Amino acid sequence: MSDSTTAKKIFDVNLLKRILHIARPYRKKMYLSLFLSVFLAILAPLRPWLIQFTIHSGVSNHEDAFFLHGPGMFIVEITLFQIALLFIETALRFVFTVTTSSLGQHVVKDLRMSTFQKILSLNLRQFDRTPIGTLTTRTVNDIESVNDIFSDGLIPIIADLLAIVSVVVYMCMIDWKLALICLSPFPFMLLSTYVFKESVNKSFTQVRNAVAKLNGFVQEHLSGMNIIQAFTAEEREQKKFSEINKEHRDANIKAIFAYSVFFPLVELFSAFSIGLLVWWAASEASLTDPAFNATIAGRVTSFILCLNLLFRPLRVIADKFNVLQMGMIASERVFKVLDNSDTVSISNHQQEAIKTPGFQGKITYKNVGFSYGAKPILNNISFSLEAGKTLAIVGQTGSGKSTLVSLLNRLYQHDSGEILIDDKDITTMDLHALRRQIAVVLQDVFLFSGSIMENITLRDKEIDPEKVMDAAKRIGLHDYIMKLPGGYDYAVLERGASLSSGQRQMISFVRAILYNPSILILDEATSSVDTETEQLLQLALEKLVKGRTTLVIAHRLSTIRKADEILYLKDGQILEMGTHEELMGKQSAYYQLFIRQFGAEGLSLPKG
């Protein structure tokens, strides 16, 4: 949905109800905020009235004045009372601000947790379709705008409107004719406020779009900096960034222009109202009754204070409406993420799954189909692999090899057919228990910022460091890790930038063996390392594979020849399956692929 459409949803009742529902656990804070809004609105005209009363009774020595200790002492006493009232009002406003801000931050915390939890459960194809920068903006920037609904939007607007109504009612009660004279510029002020709100809202929408573009552009280009520099594309990308940055600048300048026009207008209307008040006072001052002149003085002073109390919230209320509007738009975007139904379902069969200490490892695919949208990737895939055996999956790029193995641990959800482990449908298993029994070692290892120990355990504090070291020793990688500065405490930069390909693979191997999986998925994990590291990792790989059912996306001749079964995929379909010798004997599709990749000399090499 475009911003132009969503901008009209400021008073979407259903959306507002949903936002308020999130704040339900903190309703005491909300009720306190609303109570303070009403109470402060009642207090708003009290000080102007006290000023009027002081001038009328104290300064004029009016005969109706009530003096306990004489007029002089009366002035002191009522002044002290006003100072006390000022401190009380200031303290209440402090509590109001802290309460509304605290309410917003609590809602933001809960909403951000729910959003991130939802993102964690999304089907991986959602990340294939949605830019990472978009989800980042939803989780950080947009949710922060939801905080503004409470801290700077809805409740503060209610408080300001109540204060305006309270002051206007007070002015009308004191002198409704004078109130009408003073408030005659008010309709023009309201019209200016509305025009300003619409203008700034349009500018803010453009600013938010420009910020989203900037975030996405910078994030993408920081990740791909090696490509930019390798192909000397710095100047072109700088030019593109300059265009996006210019959009951001122009949108902000439009908003600044609107503020530059609106705020002087507020001062102009305020001065005009005070001018009308002074004109009225001057015309009434011709009366000779001193007591009546004192009454005029008190009323004029009171009305001047009231006008300040009126124009002060009006100066910012348009801004607050824009904050509320932006918060509503942002919340709608966040709710779209929360309402995304494309998730990997987690079965309720958790108790059954937990009771199973591990799988035997038999894998069966029955008529499995999968597609990205309308494009089919896998068609009617059927095969069976006995426990403890190794299956090499070969085929050209785009044939569906990675998708085939990603379905096994439900990183993607197959559209049709069945996938069985030990003759049990994987969709009936608890997702976490299923994935605990399947380890994945990819060619391109992803590492997080933190230590090597944290990357191996994935910050699972229940895993004993000694257990990690034992796992590394079992596959012969402990000494290799200890050679790094700090050993297991060596700091890994983002995406593992401080480590070589071999070192990253080493961590992924230890991570895989640590959980003692029944099934292992490999994407030719040693194909991009130097010869010495490859020999070390090959020895570790042999120990890792031993006794486990293994699916290998194979690129190397040695891996293919060692496999118990070979599955040849083409365009999402199985063309052939069998042992290396069986498929070579057919001299069909697999034979042709083998010759193209490894040449005729590969035929003479012994198995293993």
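**Exercise 1.** Locate Arg 138 and Asp 142 in this predicted model, and classify each as buried or exposed.

Solution. Step 1: Arg 138 and Asp 142 both belong to helix H7, where they stand four residues apart, about one turn of the helix. Step 2: their side chains form a salt bridge with an N to O distance of 2.8 Å. Step 3: the cut-off for buried is under 20% relative accessible area. Arg 138 has 18% relative accessibility and therefore counts as buried. Asp 142, with a relative accessible area of 0%, is buried as well.

**Exercise 2.** Determine which elements are linked by the salt bridges Asp 175 to Arg 299 and Lys 213 to Glu 247, and state the exposure of each residue.

Solution. Step 1: the side chains of Asp 175 and Arg 299 meet at 2.9 Å, N to O. This pair joins distant parts of the chain, since Asp 175 is in helix H7 and Arg 299 in helix H11, 124 residues apart. Both Asp 175 and Arg 299 are buried. Step 2: for Lys 213 and Glu 247 the N to O distance is 3.2 Å. Lys 213 lies in helix H8 and Glu 247 in helix H10, so this bridge ties together parts 34 residues apart in sequence. Step 3: Lys 213 is partly exposed at a relative accessible area of 42%, and Glu 247 is partly exposed at 40%. Step 4: the count of salt bridges comes to 14. Arg 47, Glu 89 and Arg 93 are linked in a network of such bridges.

**Exercise 3.** Identify the helix that gives the most residues to the largest nonpolar core, and list the contacts of Leu 307.

Solution. Step 1: the largest nonpolar core has 64 residues; those touching the most other members are Leu 103, Leu 111, Ile 149, Phe 150, Met 171, Leu 307 and Leu 310. Step 2: at least two residues each come from H2, H3, H5, H7, H8, H10 and H11. H11 gives the most, with 17 residues. Step 3: beyond its neighbours within four places in sequence, Leu 307 contacts Met 171, Cys 182, Leu 183, Ser 273, Ile 274 and Leu 277. Step 4: another core, of 46 residues, lies apart from this one and includes Ala 392, Ala 472, Ala 563 and Leu 593.

**Exercise 4.** Assign the nonpolar surface patch to its helices.

Solution. Step 1: Tyr 31, Leu 34, Val 38, Ile 42, Ile 158 and Leu 162 make a patch of about 510 Å². Step 2: H3 (27-43) and H7 (132-182) are the elements giving two or more residues to the patch. H3 has the largest share, four residues. Step 3: Tyr 31 is in helix H3, and its relative accessible area of 53% makes it exposed.

Methods: Residues numbered from 1 in each chain as written. Predicted model: local features only at pLDDT ≥ 70, side-chain atom pairs only at ≥ 80, totals over all residues. Heavy atoms only, no water. Patch = residues over 30% accessible without salt bridge, like charges linked within 9 Å, V, L, I, M, F, W, Y side chains within 5 Å. Areas by Shrake-Rupley, 256 points an atom, 1.4 Å probe, with all protein chains shown as cover. Salt bridge = Lys/Arg side-chain N within 4 Å of Asp/Glu carboxyl O. Buried < 20%, exposed > 50% of the residue type's maximum accessible area, 1.4 Å probe, protein only. Core = buried A, V, L, I, M, F, W, Y, C linked by side-chain atoms within 4.5 Å. Contact = heavy atoms within 4.5 Å.
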